[in-house]
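Have the model open in your viewer, with the sequence panel beside it. We will go from stop to stop, and at each one you can select what is named and look around.

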Amino acid sequence: MKNIVILISGRGSNMQAIVEAQIPDARIAAVLSNNEAAAGLAWAAERNIATDSLNHKSFDSRLAFDEAMMRKIDAYQPDLVVLAGFMRILTPEFCRHYEGRLINIHPSLLPAFTGLHTHERAIEAGCRIAGCTVHFVTPELDCGPIIAQGAVPVSDNDTADTLAARVLEAEHLILPQAVADFVAGRLKISGNRVIRSPDSTVQNARLLA
């Protein structure tokens, strides 16, 4: 049984997708947040999942917050830490501490559109395809080895909100699959690539609507 700690900042819809997937041999040990009012904390607590929060504004530095969060995470002895809408740029110290067992879901087809406002930028760039990426986290922002990607079409009348909703559907598909593959030992990092075993459950989703 692998212990999983999930970090969120808001409603935690990707966290919910992982929980509801009921991944074999995976135990959701805790859901933590930098926002004590995050709606996802209440959702997790209702399902008897341990929850906790730390307000990053209470710390003098990014590193001080990360060190405090690491202590909370490590209390659950995690095999995997999942960033599921955790809206914090992490320090190199945090990334190195969880090297090889820290994954993130990012709302673009990396390496395109790292950082924020991905949907606005995809529309402004005239992209016909957008999507999301699950990747291992490294100190360089949104540049770690890619586990899976989901692609969706960009319509002529799309707004950032309508495109975000379509991309979120793909996120809910590929993130639980990536977690399941990690738990089952089907992922291997080779340089900046992730080698998936032939029985991988991840399907690089292409949504048609």
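Begin by selecting Gln22, which sits in the loop between helix 1 (13-21) and strand 2 (26-33). What you see here is a predicted model, so treat each stop as a look at a prediction. Is Gln22 buried or exposed? Its relative accessibility is 67%, so Gln22 counts as exposed. Now check the backbone: phi of Gln22 is near 50 degrees, a positive value in a residue other than glycine.

Stay in that loop and select Asp25, which also lies between helix 1 and strand 2. The phi of Asp25 is near 65 degrees, again positive in a residue other than glycine. With a relative accessibility of 52%, Asp25 is exposed, the cut-off being over 50%. Why pause at these backbone angles? Most residues other than glycine have a negative phi, and most peptide bonds are trans.

**The whole fold**

Zoom out and colour by secondary structure: the protein has 6 helices and 9 strands. Along the principal axes, the C-alpha atoms fill a box of roughly 45 × 40 × 35 Å. What would a compact globule of 209 residues have as its radius of gyration? The expected value is near 17 Å, and the protein has 16 Å, which agrees.

Switch on a surface if you like. About 10,100 Å² of the protein is accessible, and 49% of that belongs to carbon and sulfur atoms. Buried residues account for 47% of the 209 residues. Among contacts with a separation of 6 or more, 62% are between residues 24 or more positions apart. If you colour by charge, there are 19 positive and 23 negative charges to find, and their mean positions are 3 Å apart.

**Strand 1 and the loop after it**

Next, select Ile8, which lies in strand 1. Its relative accessibility is 0%, so Ile8 counts as buried. Which residues does Ile8 touch, once those up to four places away in sequence are set aside? The list includes Met15, Val31, Leu32, Ser33 and Asn34, along with Ala38, Gly40 and Leu41. Ala84, Gly85 and Phe86 also touch Ile8. For a distance to draw, try Ile8 to Asn192: they are 184 residues apart in sequence and 26 Å apart in space, C-alpha to C-alpha.

Move along to Arg11, in the loop between strand 1 (2-8) and helix 1. Arg11 is exposed, with a relative accessible area of 55%. Beyond its neighbours within four places in sequence, Arg11 is in contact with Gln16, Ala39, Gly40 and Leu168. Gly40 is thus a residue you have met already, in the list for Ile8. From Arg11 to Thr162, which is 151 residues away along the chain, the C-alpha separation is 18 Å.

Now select Ala45 in helix 2 (residues 39-46). Ala45 is partly exposed, with a relative accessible area of 38%. Draw a line from Ala45 to Thr159: their C-alpha atoms are separated by 34 Å, and they are 114 residues apart along the chain.

**Aromatic pairs**

Show the aromatic side chains next; the structure holds 3 aromatic pairs. Phe59 and Phe65 form one that is edge-to-face, 5.6 Å centre to centre with 75 degrees between the planes. Phe65 is buried, at a relative accessible area of 0%, whereas Phe59 is partly exposed at 25%. Then go to Phe94 and Tyr98, whose ring centres are 5.0 Å apart with the planes at 55 degrees, so this pair is tilted. Both Phe94 and Tyr98 are buried.

**A cis bond and a last loop**

Select Leu110 and Pro111 together and look at the peptide between them: the bond is cis, with omega about 10 degrees. Pro111 lies in the loop between strand 5 (102-106) and helix 5 (118-124).

For the last stop, find Asp156 in the loop between strand 7 (146-153) and helix 6 (160-183). Asp156 is exposed, with a relative accessibility of 70%. How far is the C-alpha atom of Asp156 from that of Met70? They are separated by 44 Å, with their positions 86 residues apart along the chain.

Technical notes: Residues are numbered from 1 along each chain as its sequence is written. This is a predicted model: local features need pLDDT of at least 70, side-chain atom pairs count only at pLDDT 80 or more; totals for chains, interfaces and linings use all residues. Side-chain values use heavy atoms; hydrogens and water are left out. Helices (H or I, at least four residues) and strands (E, at least two) are DSSP runs, numbered from the N terminus. The radius of gyration is taken over C-alpha atoms; the globule rule is 2.2 Å times the number of residues to the power 0.38. Buried means under 20% relative accessible area, exposed over 50%, partly exposed in between (1.4 Å probe, protein chains only). Contact means heavy atoms within 4.5 Å. Accessible areas come from the Shrake-Rupley method with a 1.4 Å probe; for residues, only the protein chains shown count as cover. Lys and Arg count as positive and Asp and Glu as negative; His and the chain ends are not counted. The place of a charge is taken as NZ of Lys, CZ of Arg, CG of Asp or CD of Glu. Rings of Phe, Tyr and Trp (its six-membered ring) pair if their centres lie within 6.5 Å; planes under 30 degrees apart count as stacked, over 60 as edge-to-face and the rest as tilted.
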